[in-house]
Amino acid sequence: MAPRTSIHPLPTRCPVCGEGTHVERVRCGACDTAVEGRFTTGWVQALSPEQLAFVRVFLSCRGKIKDVEQVLGLSYPTVVSRLDAVVAALGEDVPPAAPPPPSHPPRGGQRRAQILDDLAAGLIDADEAARRLKKAQE
């Protein structure tokens, strides 16, 4: 069996021209079997290394923008902008930017509607929504 060498992240972009790359050889780490051809990395190759790092954080935060803000130390508009850039890189249409959540929630029925909107948009989870709705009734 061949000696193991260090494994590096797959470059998804050509360092010369910036275009997407493809894989020509894949090898099994256990039995050393290799397969050659032209393989794609799928949607991953459309993203830059920075975008892939952002997607990893976004997924680890389960898509909760508020958590992504905290982990990366970014503002809501910056997180949304980076998410929009990832969506655009994947060739999808980017919807118009959503307004950031209000820093001072509205009162009464408007506040309840805002909480439900935040829940529907994935900005808060069900537990947080329940907590906020209960507080809004007090």
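## A salt-bridge network in H5

Glu128, Arg131 and Arg132 are linked in a network of salt bridges. A salt bridge here is a side-chain nitrogen of Lys or Arg within 4 Å of a carboxyl oxygen of Asp or Glu. Side chains of opposite charge can pair when their charged atoms come close. Arg131 meets Glu128 at 2.5 Å, N to O. Arg132 also bridges to Glu128, with the closest N and O atoms 2.7 Å apart.

The spacing in sequence fits the helix. Arg131 and Glu128 both lie in helix H5, 3 residues apart, about one turn of the helix. Arg132 and Glu128 are 4 residues apart in H5, again about one turn. Arg131 counts as partly exposed because its relative accessibility is 45%. Arg132 counts as buried, at 17%. The cut-offs are under 20% relative accessible area for buried, over 50% for exposed, and partly exposed in between (1.4 Å probe, protein chains only).

## Basis of the model

This is a predicted model: local features need pLDDT of at least 70, side-chain atom pairs count only at pLDDT 80 or more, and totals for chains, interfaces and linings use all residues. Residues are numbered from 1 along each chain as its sequence is written, and side-chain values use heavy atoms, with hydrogens and water left out.

## Overall make-up

The protein has 5 helices and 2 strands. Along the sequence the pattern is β-β-α-α-α-α-α. Helices (H or I, at least four residues) and strands (E, at least two) are DSSP runs, numbered from the N terminus.

Of the 138 residues in the protein, 19% are buried. The exposed area is about 10,100 Å², and carbon and sulfur atoms supply 57% of it. Accessible areas come from the Shrake-Rupley method with a 1.4 Å probe; for residues, only the protein chains shown count as cover. Among contacts with a separation of 6 or more, 35% join residues 24 or more positions apart. A contact means heavy atoms within 4.5 Å.

## Helix H5: two sides

H5 spans residues 126–137. Its 12 residues reach 17 Å from first C-alpha to last, close to the 16 Å expected at 1.5 Å a residue. The expected span is 1.5 Å times one less than the number of residues.

The buried residues of H5 are Glu128, Ala129, Arg132 and Leu133. They cover an arc of only 130° around the axis, which puts them on the same side of H5. The arc is that of the directions from the helix axis to the C-beta atoms. On the other side, Ala126, Asp127, Lys134 and Gln137 are exposed. Two members of the salt-bridge network, Glu128 and Arg132, are thus among the buried residues of H5.

## Helix H3: one buried face

H3 covers residues 76–89. It has 14 residues and reaches 20 Å between its first and last C-alpha, close to the 20 Å expected. Tyr76, Val79, Val80 and Val86 are buried in H3. Seen down the axis, the buried residues of H3 fall within an arc of 115°, so they line one face of the helix.

The buried residues of H3 pack against helix H1 (49–60) and helix H2 (65–72). Just after H3, Gly91 takes a positive phi of about 85°.

## Thr21 and the Asp32–Arg27 pair

Thr21 sits in the segment before strand E1 (23–27). Thr21 is buried, with a relative accessible area of 19%. Leaving out residues up to four places away in sequence, Thr21 touches Pro11, Thr12, Arg13, Cys14 and Gln45.

The structure holds 4 salt bridges. One of them joins the side chains of Asp32 and Arg27, at 3.4 Å, N to O. Asp32 counts as partly exposed, at 26% relative accessibility. Arg27 is also partly exposed, at 45%.

## Cysteines

The structure holds 0 disulfides. Cys31 is in no disulfide; the nearest cysteine sulfur, that of Cys28, is 3.6 Å away. A disulfide is a pair of cysteine sulfur atoms within 2.5 Å, so the Cys31 and Cys28 sulfurs do not qualify.

Cys31 counts as partly exposed, at 48% relative accessibility. Cys61 is buried, with a relative accessible area of 9%.
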